[in-house]
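Visitor: Could you take me through one part of this model at close range, and then show me what else is worth a look? I would enjoy an unhurried tour.

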Amino acid sequence: MKLKTFTGGIHPPDNKQWSSHKAIEDCPLPAEFVVPMAQHIGAPAVASVEVGQSVSKGQEIGSAKGFVSVPVHAPTSGEVVAVESRPHPWGTSLPAVVIKPDGEDCWSTDLQPGDPGSLTVDEIVEKVRLAGVVGMGGAAFPAHVKMSPPPEKKISTLIFNGVECEPYLTADHRMMLEEPERILQGVALLQYVFGAERVVIGIEANKPDAIALLEKECAGAPVEILSLQVKYPQGAEKQLIAAVTGREVPSGGLPMDIGVAVHNISTAAAVADAVLFGRPLIERVCTVTGPAIREPKNLRIRIGTPLSHLVEVCGGLTEDPGKIVLGGPMMGFTQLDFDVPATRGTSGLLLLRDEDVDRQEEGPCIRCSRCVQACPMHLLPTTIAAYSRRDLLAEASEYCAMDCIECGCCSYVCPATIPLVQAIRYGKAAILAKKRSS
Ligand code: SF4
Ligand code: SF4
């Protein structure tokens with residue numbers, strides 16, 4: 001049977017063999033945590049603790065500012081040794097709370113377990129907000145906002161994203177194999193919140209063990225496990241919706257406009273922790289991988305762990321890395337060094353050697369149209385990139401620059417190595433900045 005998918009996309013080597021067989025290991029605590037207040041889409045949190053203060057694991061150390069914002073919590077017990085700007089994975093210095101662990105790793109006594117049977121939908125959503133749960137597939141959009149669609153936007157299909165189509169990353173794969181109960185507890189809670197008629201967990205066909213296990217765990221439950229064609233970016237929200245429902249989110253629209261909500265499977269597990277145990281999002285599974293790391297691993301890391309500590313726990317480097325990427329090679333963020341912490345959106349740390357990095361000089365466009373065929377959003381990447389580079393923002397907008405999901409397929413296939421996605425990303429940022437200032 002032909003597996004479902006979307007149109008466009010590419011087939012990069014998946015390179016998951018480095019870590020897909022490695023069971024999740026608990027990462028030892030580092031000597032110091034640097035917990036950024038900005039870790040999510042929306043307004044950053046504001047530090048609510050002072051230097052010298054003792055904090056418990058899970059205690060709120062940063063308050064949310066506004067609806068599209070979430071609080072931030074202490075990853076362990078210890079002492080606040082600084083509240084100051086520190087280097088951030090977004091490429092600048094941003095406010096952070098620095099904590100020296102006391103070694104006790106003692107939970108806050110304020111965290112209360114919940115009985116889902118006695119909670120209303122609003123109470124569940126509030127527990128998720130207070131726990132700081134964000135989308136863990138990388139986007140880090142506050143989960144409580146997605147869980148609060150306006151009443152006229154009825155959600156009939158709820159999709160859980162277990163695709164993990166980014167090359168190298170295996171954290172979600174290991175979560176599905178090792179912690180299916182946590183995931184399915186979150187799936188049930190989210191199904192209750194949305195009242196969706198159809199619930200689907202979408203998984204790429206290259207994870208047959210996870211598909212078989214979840215099918216077994218869901219036997220008799222109203223949850224479909226859908227095996228999807230292996231293709232990048234199958235896990236992007238709009239492409240996953242297209243594969244599962246055959247419907248398209250309209251240009252400039254949101255999934256809820258067509259009655260769909262999408263959550264990552266690790267987000268579902270974090271929702272379960274928040275609602276059932278009152279536990280905030282202070283840890284996640286992160287794949288540390290690539291040819292330049294000695295022992296690739298899937299680590300359960302605390303938020304705020306410095307990248308240098310992750311490298312050390314994985315046995316160090318085999319050589320000076322040619323590229324350091326937070327996330328996967330297609331949509332991750334390149335880092336200059338290891339002097340930044342992991343955040344709630346850190347699904348992976350990828351270490352490439354110099355020989356793995358394509359450093360070819362850019363050539364002229366030969367009008368081959370490979371970028372157009374690869375674009376999963378049916379855009380004209382070469383046209384939008386050309387307008388963006390010349391600051392012709394109105395023209396770039398007209399060609400739907402804002403619909404670009406920055407998947408990088410166009411750059412990947414371009415034989416002239418034109419940095420298309422970088423140019424379009426710049427154009428999108430400039431369009432947004434212009435909108436805000438007018
Ligand atoms: S234009 Fe945007 S959406 Fe289309 S392939 Fe390039 S990066 Fe992906
Ligand atoms: S893939 Fe590159 S060379 Fe081919 S049309 Fe697109 S921009 Fe031009």
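**A close look at a small sheet and beyond**

Guide: With pleasure. In this predicted model, let us start with an open sheet, in which three strands run in the order 3-5-6 with antiparallel pairing. Strand 3 (46–47) and strand 6 (72–73) are its edge strands, each pairing on one side only. Strand 5, which covers residues 60–63, is joined to strand 6 by two bridges in the antiparallel sense. If you would like a residue pair to look for there, take Glu 60, whose bridge partner in strand 6 is His 73.

From the sheet, let us move on to a helix. Helix 6 spans residues 237–245, and its buried residues are Gln 239, Leu 240, Ile 241, Ala 242, Ala 243 and Val 244. What do these buried residues of helix 6 pack against? Their partners are four strands, namely strand 9 (157–161), strand 10 (198–204), strand 11 (224–228) and strand 12 (260–264). Follow the chain just past the end of helix 6 and you come to Gly 246, which has a positive phi of about 75°.

Another helix offers a single residue to zoom in on. Ala 171 belongs to helix 3, residues 171–178. Its relative accessibility is 1%, so Ala 171 counts as buried, the cut-off being under 20%. Leaving aside residues up to four places away in sequence, Ala 171 touches Glu 164, Val 285, Cys 286, Thr 287, Asn 298 and Ser 347. You can also trace a link across the chain: Ala 171 and Arg 300 are 129 residues apart in sequence, while their C-alpha atoms are 9.1 Å apart in space.

Now for the ligands. Ligand 1 sits in the largest cavity, and 13 residues surround it, the closest being Cys 375, Cys 404, Cys 407, Gly 408 and Cys 410. Helix 12 (409–413) and helix 13 (420–437) each contribute at least two residues to this shell. By class, the shell around ligand 1 divides into 11 nonpolar residues, one polar and one charged.

Ligand 2 has a shell of its own. Around ligand 2 you will find Cys 365, Ile 366, Arg 367, Cys 368, Ser 369 and Cys 371, among others. Also in the shell of ligand 2 are Thr 382, Cys 414, Pro 415, Ile 418 and Leu 420. Sorted by class, the residues around ligand 2 are eight nonpolar, two polar and one charged.

Terms used
Residues are numbered from 1 along each chain as its sequence is written. Chains are lettered from A and ligands numbered from 1 in the order in which they are written. This is a predicted model: local features need pLDDT of at least 70, side-chain atom pairs count only at pLDDT 80 or more; totals for chains, interfaces and linings use all residues. Side-chain values use heavy atoms; hydrogens and water are left out. Two strands pair if DSSP finds at least two bridges between them. Buried means under 20% relative accessible area, exposed over 50%, partly exposed in between (1.4 Å probe, protein chains only). Contact means heavy atoms within 4.5 Å. A residue is near a molecule or strand if one of its heavy atoms lies within 4 Å of it. On a 1 Å grid over the protein atoms alone, a cavity is a set of points where a 1.4 Å probe fits but cannot get out, and a pocket is an open set with protein on both sides within 12 Å along at least five of seven lines; lining residues have an atom within 4 Å of a point. A molecule sits in a cavity or pocket if more than half of its atoms lie within 2 Å of its grid points. Ala, Val, Leu, Ile, Met, Phe, Trp, Tyr, Cys and Pro count as nonpolar, Asp, Glu, Lys and Arg as charged, and the others, Gly among them, as polar.
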